[in-house]
Amino acid sequence: MKRHHLGFTLFAAWVCSVPLAAEDGVFDQYRDLMGDDNPAVFVIDEGEELWFTPQGPGSATLEACDLGLGPGVTAGAYVRFPRYFADTDAVMDLESRLVHCMTTIQGRDLEAVTAKPYSLRGDFGTEIEALVTWLAAESEGATIAPEQNHAAERAMYTLGEEIFFYRAGPHDFSCATCHEQSGMRIRLQALPDLTSHTGAAEAWGSWPAYRISQGLVRTMGWRLRDCFRQQRWPELQMGSEASIALQTYMAVNAAGGTMTAPGLKR
Amino acid sequence: MKVLTMGIATALTASVAAWTLAADEIEAVLQNSFVAKNQATMDRLERDAVQTACSAPRGTPLDNDMLASLRAERLATVVLPADGQYLGDWQRGAEVAGNGRGLQSSDDPTQPNGGNCYACHQLAPNEVAYGTLGPSLTGYGARGQSEAMLQYTWTKLWDTHAYNLCSHMPRFGAQGILTEQQLKDVMAYLLDPASPVNQAAE
């Protein structure tokens, strides 16, 4: 499977060499220059291929996987996440729903499919990353509309809000430390205000995203894990209650916004 | 506070995780959601009195008497430099101010921690890569080096909550992020007239 493209690697090298001073402006120009040419297109293709590839002891594809709109329905499914699923009696994000389908429909080993959900620098992308990228593209242009009908979904939002403001670790950092004010930046990096609709819609609607500096597509699950690394916390686990709660908090604040993922980021 | 409690089976662990909105059970959710990695151990998820008081979502009414006593308690625990000397070497202070590493699971624990001042503050006017979460400190040395000023600045670095409870700033001294010598060096970076912080932009 092809995953790297020399042209984009060269672009990445060029962007990384741009002086910090003009970084935001230059990056916007670079994004304009790229237009619709997001290297994530290769990952989208790969994700689609994986969806239709028989895997596991039953040699099954993921076509029977119900992402909330019925088995096999992928268009518009991502913008409804996180959501409650009666078959697991749980609120799930897309990543944990995919894991559920891999273990039940394909009969694959839970530990094997969750061992390494996110690629490391210099790696090829993972299966989860590719599938999430394709499924996000299947919702591109759709309105963000996470389910909040079930009591468990509303409770997950409240839990997410509590965790968002939870200060801990040697630096006393919470998500709110960086993400509860508008128009702020850390060093030169602009910070979205995730407590506001505008900031949440911009952030939630642009992940997964191709990170040029890393040459990889990153999912929101990875974004959260890396935020907590910088918060000096232990490592956030994919599909964990805290991860799904925070994603619910962001998605609901973003409701009404437009899904533009897969995005293109520095 | 406990609005709703019900058990949900999480597909990933196949265990029944009871989720609830009670603040005292959020720690349990976090314990099940994170794993220790290198120096980032699980005890970091437990909150002390400051962290607990300052975790209330925006707009939550807080008990002013509790906040006042907590602030007084923080002020009382500030440790001033043992030798009475507040100012170190501004050049070493510049390194501390620019270094964003330290105490992350990905950091080498044998290396000194940074203060990462530039993540949030403008300092030397020639450094353009500064954040805006905190106020600009450019020209800070103009405030002078009176004993009161030295003690104020030291206290702000040691434990910001002694003056401004629930400030976003880390407690560099009280939490052991920076050493006494590193704090002195940062003090000099802020206050020494020769420091770039106190020089006009080129």
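Two residues are in contact if their C-beta atoms, placed from the backbone, lie within 7 Å. Keep that in mind for the exercises below, and remember that this is a predicted model.

**Exercise 1. Work out how many residues each chain brings to the contact between chains A and B, and which element of chain A gives the most.**

Solution.
- Start with the head count: chain A puts in 49 residues and chain B puts in 50.
- Now go through chain A for elements that each supply at least two residues to the side touching chain B. Among the helices you'll find H4 (94-104), H7 (151-164), H8 (175-179), H10 (220-230) and H11 (241-254). The strands E2 (90-92), E3 (185-186) and E7 (235-236) make that list too.
- H7(A) gives the most, with eight residues.
- Last, sort the side of chain A that touches chain B by residue type: 22 nonpolar, 15 polar and 12 charged.

**Exercise 2. Decide whether Ser243(A) is buried or exposed, then list what it touches.**

Solution.
- Find the residue first: Ser243(A) sits in helix H11 of chain A.
- Count its surroundings. A residue needs 20 or more other C-beta atoms within 10 Å to be buried. Ser243(A) has 25 C-beta neighbours inside 10 Å, so it counts as buried.
- Skip the neighbours within four places in sequence and look at who is left. From chain A, Ser243(A) is in contact with Asp93(A), Gly221(A), Leu224(A), Leu236(A), Gln237(A) and Met238(A). From chain B, there is Ser33(B).
- Take one of these partners, Leu224(A): it is 19 residues from Ser243(A) along the chain, and their C-alpha atoms are separated by 7.3 Å.

**Exercise 3. Describe how helices H5 and H6 of chain B pack against each other.**

Solution.
- Locate the pair: H5(B) covers residues 147-158 and H6(B) covers residues 180-191.
- Get the geometry. The axes are 11 Å apart, and the helices pack at an angle of about 125 degrees. That angle makes H5(B) oblique to H6(B).
- Check the hand: H5(B) passes H6(B) in a right-handed crossing.
- Name the residues. H5(B) uses Thr153(B), Trp154(B) and Leu157(B), while H6(B) answers with Leu183(B), Val186(B), Met187(B), Leu190(B) and Leu191(B).
- Sort them by type, and you get seven nonpolar, one polar and no charged.

**Exercise 4. Do the same for helices H4 and H6 of chain A.**

Solution.
- The axes of H4(A) and H6(A), the latter spanning residues 127-137, come within 10 Å and cross at roughly 115 degrees.
- The hand of this crossing is right-handed.
- On the H4(A) side, the contact is made by Leu94(A), Glu95(A) and Leu98(A); on the H6(A) side, by Ile128(A), Leu131(A), Val132(A) and Leu135(A).
- By type, that's six nonpolar, no polar and one charged.

**Exercise 5. Sketch the overall build of chain B, including its domains.**

Solution.
- Chain B has six helices and three strands, in the order β-β-α-β-α-α-α-α-α along the sequence.
- Of its 202 residues, 37% are buried.
- Take the contacts in chain B with a separation of 6 or more: residues 24 or more positions apart account for 52% of them.
- The domain assignment splits out domain 1 (5-61) and domain 2 (90-198).
- Where they meet, seven residues of domain 1 of chain B are in contact with six residues of domain 2. The domain 1 side divides into four nonpolar, two polar and one charged.

Note on methods: Residues numbered from 1 in each chain as written. Chains lettered and ligands numbered in written order. Predicted model: local features only at pLDDT ≥ 70, side-chain atom pairs only at ≥ 80, totals over all residues. Helix = DSSP H or I, 4+ residues; strand = E, 2+ residues; numbered from the N terminus. Buried ≥ 20, exposed ≤ 12 C-beta atoms within 10 Å, placed from the backbone. Axes fitted to C-alpha atoms, helices over the stretch in contact; angles between N-to-C directions. Parallel < 35°, antiparallel > 145°, perpendicular 65-115°, else oblique. Left-handed = near helix turned anticlockwise from the far one by under 90°. Nonpolar A, V, L, I, M, F, W, Y, C, P; charged D, E, K, R; others polar. Domains from an automatic or database assignment.
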